[in-house]
Amino acid sequence: MADVVVLGGGVVGCATAYYLAREGAAVVVVEREGVGSQASGFAAGGLFPLQGYGVPGPLSEFAMHAFKMHQELSKPLQEESGVDFQYRMPLRMQLAFGESDIPTLEESARLFKDASGFSSRWLDADEVRRIEPRIAPNVVRGIELKGSAAVDSHLFANALMRAAEKHGARVVSGEVTGVKADGEKITAAIVDGQPIAAAQFVVTTGPW
């Protein structure tokens, strides 16, 4: 019997398996169509802790903590898994195509200037076009933003799972169709008609 069965092999399920297996838990991941094959495999992979839903705002502290975890994990996870998931810190540009866009750029410039490890630099239209000649000719200004990062999301999920397997986790290919319960406690997941028992279950099925 497994200690933990993780239902879903996206990035959350694979990360759960990796950290649990690293601590010695016997983990089984159940995935229907392949690790990172759904939403996790098609995400853009941007790691932007200063901007996004709830950031700046109630998720700011969480976003920065997660960003730092990515930084700390990037090299050891690649070495442990043997998967180059293309962790990188690319140059970003944010553009204004009219005066009404300038306040948004000013806010981004302020956020990046005030955060440790991040920076911003204003660009005029000519500088923008020198960096990227294919930019539309009506661009009026831009800012160069440094400090954010990116990964290949499909490869990142697979790196987590590969490393988890090195710690003893295993992947079962199949579809979860239900669970068995003893009173209010789930005792097994039904995968293609067969029960997989565990002490604990983690549901990471995303939109499914």
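Three exercises on helix H1 and its sheet follow, each with a worked solution.

This is a predicted model, with local features needing pLDDT of at least 70 and side-chain atom pairs counting only at pLDDT 80 or more, while totals for chains, interfaces and linings use all residues. Residues are numbered from 1 along each chain as its sequence is written, and side-chain values use heavy atoms, without hydrogens and water.

**Exercise 1.** Work out what span helix H1 (residues 11-22) should have.

Solution. Helices (H or I, at least four residues) and strands (E, at least two) are DSSP runs, numbered from the N terminus. The expected span is 1.5 Å times one less than the number of residues. H1 has 12 residues, so 16 Å is expected. Its end C-alpha atoms are 16 Å apart, which agrees.

**Exercise 2.** Which residues of H1 are buried, and what do they pack against?

Solution. Buried means under 20% relative accessible area (1.4 Å probe, protein chains only). Gly13, Cys14, Ala17, Tyr18 and Ala21 qualify. Down the axis of H1, the buried residues fall within an arc of 135° (directions from the axis to the C-beta atoms), so they line one face. Their partners are strand S1 (2-7), strand S2 (27-31), helix H3 (60-81) and helix H6 (153-166); contact means heavy atoms within 4.5 Å.

**Exercise 3.** Which strands are the edges of the open sheet?

Solution. Two strands pair if DSSP finds at least two bridges between them. The order of the six strands is S8-S2-S1-S11-S10-S9, with mixed pairing. Strand S8 (170-173) and strand S9 (176-182) each pair on one side only, as edge strands.

Notes
Buried means under 20% relative accessible area, exposed over 50%, partly exposed in between (1.4 Å probe, protein chains only).
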